Amino acid sequence: MQKRKIMSRPALTIMMVVTLILTASLVASGAATTKQLSTNFTLVNLSSSSNLVNIQYYTATGSQWRPSESATLASQGSQLIRRQYEDTQLTSGSGSVVVGGQGPMGAVVQIQARGQTPTSGAYSGSAAGSNSANIPLIAKNGSSASGAVNSQIIIQNTGTTATSIQVEFVNSSGTTVYTSPSTNIAAGASYTYDLTNDASAPNGFFSAVVKAATGGQVTVVSNLFTGSNGMQTFSGFSASAQKWLAPLFTSRLGNGLSTPVTVQNLSGGSIPAGAIKLQCKADPSSGGADFNKSNPAAVTNTASAIFNPVTDNTIPANWYGACTIDTTGYNTVAFVQMRFVGSDRAASYEAIRADGTKTKVIVPLYMKRLANGFATAVTIQNLGASAATVNIAYQAGDGAPAGCSVNVGPFTVAAGGSLIQNHRIASGANSVPSVPDNCFGSMVVTSNQAVEAFVQIDDLDQSTGDPFMAHNAFTAD
């Protein structure tokens, strides 16, 4: 990866494993998807001062895809949107992006099948690479209530020299049953490993470990395709923890939404039965009761346990609230799937570490009932042991109509509770009437307790396919 010094301070970088497909098909016929996918990404300034950024585009071979560009993000929360499908300087194909700046940044990438039955996903860019990354769930020719399940793993080399990578498939017993062929990736470039293109890879569901050669650094994004149109996009994990939060957990709602939680063991040893605790508190408006679940059998190292309300009828139906994933004494990672069983709609997000300490979180992009159908819902999670006082500054994006920069709050959020800002509805519970329709921009959330957030994106005009996406937000000082 090339790094560039701007002014007198060393550049900080955020790596985005961006699959930029403009007019060409992403994969060959018969692979994980036959859709032609395109991307856009939104940068947001996390720094408390102005931030001069430089954006570099790489092809899959590591060559320059288009000339680099520079821009200034004027203040904290300032936003920059780049739509690859409108960029005439990019040739058709896929590649990656490296953004260097004077201070910290966040980024969210949206992946869409434009002009086709919708398929879509979103993920948050990564600020650094690591020698390995963990994916709690991958599939090749898997079977589900939503149709066939197949994975693509996009791996970006975040180091300064070329590195080789391999992907290890781990079964439910914790045994590495397959290792992909070694593949070399140029500095800054990305490689898409499509499991269905690897004839030697076994069929079924697995967890995975992506490993770079000694000294190599990578970051990873996984696309999990379901049926003809569904796609769940989430980032691989480079760091583990012993307590995670799922701000939104649902079980067999009337609209079909359920949220399986997958927990991968990274403790180095076996986690005994009962030691992975899913502790769920019902939303006060749901009328449901709190419940607890735990793993019924031991989970070996690098294997995963799944709490799946789609198939587990002991989890109460028509339930929604928030869950804590407690694996005290054992390091784990976890992610949450959002599945509308009976339709193609699907999304996913990484579970939130419960040990965060930042009292500010920034959402790169909110959208309030845009004319093109897109809208967001933002869930803000209080990590503190006491009630939080939360204020939100909505900042208008470039080209947004008048009235989009508003302040809302203060809100009181119970310890361990969450606050929803639902921009998909005009009125009612969790709506934001002070933000007009057609507004878009960023959100700066401040609190007297530690906070985190995740974002759902939806296209309200689409009744078929999968226009549904989710991603995590960014904490800031």
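**Reading an all-strand chain and its two disulfides**

Colleague: How many helices and strands does the secondary structure of the chain come to?

Modeller: Zero helices and 37 strands. Keep in mind that this is a predicted model.

Colleague: How does the radius of gyration compare with the globule rule?

Modeller: The rule gives an expected value for a chain of a given length. For 477 residues that value is 23 Å, and the chain has 21 Å. The two are close, so the chain is as compact as a globular protein of that length. Along its principal axes, the C-alpha trace spans about 55 × 55 × 40 Å.

Colleague: What share of the residues is buried?

Modeller: Buried here means under 20% relative accessible area. Of the 477 residues, 58% fall in that class. The accessible surface comes to about 17,200 Å². Carbon and sulfur atoms hold 48% of that surface.

Colleague: Which contacts join residues at least 24 apart, and what is their share?

Modeller: Start from contacts between residues at least 6 apart in sequence. Of these, 78% join residues at least 24 apart.

Colleague: How far apart are the mean positions of the positive and negative charges?

Modeller: Take the mean position of each kind of charge, then the distance between the two means. Here there are 24 positive and 21 negative charges, and their mean positions are 5 Å apart.

Colleague: Now the cysteines. How many disulfides are there?

Modeller: Two. Look for a pair of cysteine sulfur atoms within 2.5 Å. Cys280 and Cys323 form one such link, with sulfur atoms 2.0 Å apart. Cys280 sits in strand 22 (residues 277-282) and Cys323 in strand 25 (residues 319-326). They are 43 residues apart, so this pair links distant parts of the chain.

Colleague: Are Cys280 and Cys323 buried or exposed?

Modeller: Cys280 counts as buried, because its relative accessibility is 2%. Cys323 is buried too, at 3%.

Colleague: Where do Cys404 and Cys439 lie?

Modeller: A disulfide joins these cysteines, Cys404 and Cys439, with an S to S distance of 2.0 Å. Cys404 lies in the loop between strand 31 (388-396) and strand 32 (407-413). Cys439 lies in strand 34 (residues 439-447). The pair therefore ties together parts 35 residues apart in sequence. Cys404 and Cys439 are both buried.

Colleague: What is the handedness of each link?

Modeller: Read the angle about the S-S bond. For Cys280 and Cys323 the angle is 110°, and the link is right-handed. For Cys404 and Cys439 the angle is -85°, and the link is left-handed.

Colleague: What is the pairing in sequence order?

Modeller: Number the bonded cysteines along the chain, and the pairing reads 1-2, 3-4.

Definitions and conventions. Residues are numbered from 1 along each chain as its sequence is written. This is a predicted model: local features need pLDDT of at least 70, side-chain atom pairs count only at pLDDT 80 or more; totals for chains, interfaces and linings use all residues. Side-chain values use heavy atoms; hydrogens and water are left out. Helices (H or I, at least four residues) and strands (E, at least two) are DSSP runs, numbered from the N terminus. The radius of gyration is taken over C-alpha atoms; the globule rule is 2.2 Å times the number of residues to the power 0.38. Buried means under 20% relative accessible area, exposed over 50%, partly exposed in between (1.4 Å probe, protein chains only). Contact means heavy atoms within 4.5 Å. Accessible areas come from the Shrake-Rupley method with a 1.4 Å probe; for residues, only the protein chains shown count as cover. Lys and Arg count as positive and Asp and Glu as negative; His and the chain ends are not counted. The place of a charge is taken as NZ of Lys, CZ of Arg, CG of Asp or CD of Glu.
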